[in-house]
Amino acid sequence: MLELILILLAVAAIAAFLGMGRVSGMALTGAKILIVIALVIFLLVVLGIIAIA
């Protein structure tokens, strides 16, 4: 999941540099959503609600 977040952030940065605002915004929004999902899963693991074996 971290790899996909980094790819989306790179796409957003390159698109913003090239002046493609909509593509940059979509990639950044996707990265934000994945970051929130990753943080929620991390908190659930830390609190012991989800066990990763």
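**View 1. The buried residues of α2.** In α2, the buried positions (buried meaning under 20% relative accessible area, exposed over 50% and partly exposed in between, with a 1.4 Å probe and protein chains only) are Ser24, Ala27, Ala31 and Leu34. Part of what covers them is α1. Helices here are DSSP runs of H or I with at least four residues, strands are E runs of at least two, and both are numbered from the N terminus. This is a predicted model, where local features need pLDDT of at least 70 and side-chain atom pairs count only at pLDDT 80 or more, while totals for chains, interfaces and linings use all residues. Residues are numbered from 1 along each chain as its sequence is written, and side-chain values use heavy atoms, with hydrogens and water left out.

**View 2. The whole chain, for orientation.** The protein chain has two helices and zero strands. Its radius of gyration is 14 Å, well over the 10 Å that the globule rule gives for 53 residues, so the chain is more spread out than a compact globule. (That radius is taken over C-alpha atoms, and the rule is 2.2 Å times the number of residues to the power 0.38.) The C-alpha trace spans about 45 × 15 × 10 Å along its principal axes. Just 13% of the 53 residues are buried. Carbon and sulfur atoms hold 80% of the accessible surface, which comes to about 4,200 Å² (Shrake-Rupley method, 1.4 Å probe; for residues, only the protein chains shown count as cover).

**View 3. Two faces of α1.** Ile5, Ala12 and Ala15 are the buried residues of α1. Looking down the helix axis, they fall within an arc of 95 degrees, so they line one face of the helix; the arc is that of the directions from the axis to the C-beta atoms. An α-helix has 3.6 residues a turn, so residues three or four places apart point the same way. The cover over the buried residues of α1 includes α2 (21-46). Turned away from that buried side are the exposed residues Leu2, Glu3, Leu6, Ile14 and Phe17. As for length, the 16 residues of α1 should span 22 Å at 1.5 Å a residue, and the end C-alpha atoms are 23 Å apart, which agrees (expected span: 1.5 Å times one less than the number of residues).

**View 4. Around leucine 9.** Leucine 9 sits in α1, which runs over residues 2-17. It's partly exposed, at a relative accessible area of 34%. Setting aside neighbours within four places in sequence, leucine 9 is in contact (heavy atoms within 4.5 Å) with Leu28 and Ala31. Isoleucine 50 is 41 residues from leucine 9 along the chain, and their C-alpha atoms are separated by 28 Å.

**View 5. Serine 24 against α1.** Serine 24 belongs to α2 and is buried, with a relative accessible area of 11%. Not counting residues up to four places away in sequence, serine 24 touches Ala12, Ala15 and Ala16.

**View 6. Helix ends and glycines.** Phenylalanine 17 lies in α1 and is exposed, with a relative accessible area of 72%. From phenylalanine 17 to glycine 30 it's 13 residues in sequence and 18 Å in space, C-alpha to C-alpha. Glycine 19, just after α1, takes a positive phi of about 90 degrees. Over in α2, 26 residues reach 37 Å from first C-alpha to last, close to the 38 Å expected at 1.5 Å a residue. Just after α2, glycine 48 has a positive phi too, of about 85 degrees.
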